[in-house]
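User: Please take one part of this structure and examine it closely, beginning with a single residue and then following the chain into its surroundings. I should like one connected account, with the reasoning stated wherever a classification depends on a cut-off.

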Amino acid sequence: MDIIYRYDPFERIAARPALDAKGALKSLERGHLRYRHTVDRVKAELEGEILKEPLVIKVDPLRLGFRDVAGVPLHTPYALVLGCSDARAPIEQIFDQSPNDLFVIRVAGNVLGTECLGSIDYAVRNLGGSLALVVVLGHTGCGAVKAAVDLYLAPNDYPDLGLTHALRSLVDRVLIAVRGAAKAVERVCGSDAKKLPGYRDALVETGVYLNAALTAFDVRREVEMFQGDSRAGVVYGVFDLADQRVRSRPDQGKKLSPPFAQVAGSPSDLERLGDRIVTAIVARGAL
């Protein structure tokens with residue numbers, strides 16, 4: 001299979017137009033569709049399908065990081081993405097974005113700490129002229145969530161985990177989402193659900209989605225505090241490492257989940273979200 005990146009050096013460079021929250025969300029969704037198209041083409045080739053035409057990906061100077069004027073470019077990202085440090089979830093690639101499009105913050109477990117909040121504060125206060133959207137992006141199989149689940153299931157083993165103070169502080173932040181996941185599983189499946197063989201995996205999967213949603217819930221409050229009546233929207237999603245698709249909750253049958261979801265309005269909304277996530281997992285037969 002041939003993948004060709006085609007660049008016309010004489011094509012006029014069109015500056016990115018100013019985006020509102022809705023436009024920023026659509027831009028990320030379109031970029032993710034482009035990424036998914038490439039993934040699907042490569043997957044088809046690997047599975048033996050003969051593709052007659054090469055995959056041509058058009059690029060321009062902006063996507064390569066160049067401009068048509070001299071000097072240092074202005075810092076004008078249109079979206080801030082708080083994601084996990086996991087190397088399997090490359091944020092700019094997932095959304096097929098160019099340099100200067102995204103203000104990216106990456107920390108294990110996509111949790112909120114002082115440094116993350118400082119970076120968000122800086123972006124909202126100083127890049128408000130272009131910044132229209134804040135995204136919290138989790139991913140399936142997150143190591144931080146798995147560690148928090150194992151700690152929740154065996155709290156007496158905490159001293160034996162050998163975690164440093166810094167790692168403990170990270171895992172402890174994720175525990176809130178894991179506790180929410182456990183309560184959701186109990187509400188949907190009953191108190192005996194913890195005896196099922198898929199219980200731990202269900203806690204991990206539910207915890208990943210709730211962790212992203214809960215972090216987005218907290219981020220929105222911080223953004224509103226930093227900027228007052230902030231025009232930046234806040235959404236969340238989860239990148240699936242298996243099929244390379246972003247979704248806001250597990251698919252339920254043939255009904256595909258949208259890539260992003262708006263932030264919950266209240267803690268009770270987060271509880272209902274947990275129930276919907278667990279219900280989708282049960283419908284899939286994983287619990």
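Analyst: D96 is located in the loop that joins α2 (91-94) to β4. The model is predicted, and what follows describes that model. The backbone of D96 has a phi near 50°, which is a positive value in a residue other than glycine. Its relative accessible area is 15%, and because the limit for burial is 20%, D96 is classed as buried.

The loop leads into strand β4, which covers residues 102-106 and pairs with β3 in the parallel sense over 5 bridges. Within this pairing, V104 of β4 is the residue opposite V81. On another side of the account stands β5, residues 133-139, which also pairs with β3 in the parallel sense, over 5 bridges. There the bridge partner of L80 is V134 in β5. Strand β3 therefore has parallel pairings with both β4 and β5.

How many of the residues of β3 are buried? The strand, residues 79-83, has 5 of its 5 residues buried and is thus mostly covered. Their directions alternate: A79, V81 and G83 point one way, L80 and L82 point the other way, and every one of these is buried.

Strand β4 also contributes to an aromatic contact. With ring centres required to lie within 6.5 Å, the count comes to 2 aromatic pairs. One of them is formed by F103 and Y122, whose ring centres are 6.2 Å apart and whose planes meet at 35°; the pair is therefore tilted, since stacked pairs need planes under 30 degrees apart and edge-to-face pairs need over 60. F103 belongs to strand β4 and Y122 to helix α3 (residues 114-126), so the contact ties together parts that are 19 residues apart in sequence. The two partners fall into separate accessibility classes: F103 counts as buried at 14% relative accessibility, whereas Y122 is partly exposed, with a relative accessible area of 40%.

The strand residue L80 leads on to the interior. In soluble globular proteins, nonpolar side chains tend to be buried together. Here the largest nonpolar core has 58 residues, and the members touching the most others are L80, I120, V145, V219 and Y236. The most is given to this core by helix α6 (residues 199-227), with 14 residues. Apart from this core lies another, of 22 residues, including L25, Y78, L133 and V246. For V145, the contacts beyond four places in sequence are V174, V178, V204, G207, V208 and N211.

Helix α6 is also one of the elements against which the buried residues of α7 pack, the others being α5 (165-189) and β6. Helix α7 has 17 residues (267-283); at 1.5 Å a residue it should span 24 Å, and because its end C-alpha atoms are 25 Å apart, the two values agree. Its buried residues are L270, L273, G274, I277, V278, A280 and I281. Viewed down the axis of α7, they fall within an arc of 155°, so they line one face of the helix. Just beyond α7, G285 takes a positive phi of about 85°.

Helix α5 offers a contrasting position in I176. This isoleucine is exposed, because its relative accessible area of 52% is over the 50% limit. The C-alpha atoms of I176 and R187, 11 residues apart along the chain, are separated by 17 Å.

R41, in helix α1 (residues 21-46), is by contrast a buried arginine, with a relative accessible area of 19%. Beyond four places in sequence, R41 touches M1, L51, E53, P54 and L55.

A backbone comparison with D96 is offered by Q244, found in the loop between β6 (233-240) and β7 (245-247). Phi of Q244 is near 60°, again a positive value in a residue other than glycine. Q244 is buried, because its relative accessible area is 18% and the limit is 20%.

Conventions
Residues are numbered from 1 along each chain as its sequence is written. This is a predicted model: local features need pLDDT of at least 70, side-chain atom pairs count only at pLDDT 80 or more; totals for chains, interfaces and linings use all residues. Side-chain values use heavy atoms; hydrogens and water are left out. Buried means under 20% relative accessible area, exposed over 50%, partly exposed in between (1.4 Å probe, protein chains only). Helices (H or I, at least four residues) and strands (E, at least two) are DSSP runs, numbered from the N terminus. Two strands pair if DSSP finds at least two bridges between them. A nonpolar core is a set of buried Ala, Val, Leu, Ile, Met, Phe, Trp, Tyr and Cys residues joined through side-chain atoms within 4.5 Å. Contact means heavy atoms within 4.5 Å. The expected span of a helix is 1.5 Å times one less than its number of residues. The arc is that of the directions from the helix axis to the C-beta atoms. Rings of Phe, Tyr and Trp (its six-membered ring) pair if their centres lie within 6.5 Å; planes under 30 degrees apart count as stacked, over 60 as edge-to-face and the rest as tilted.
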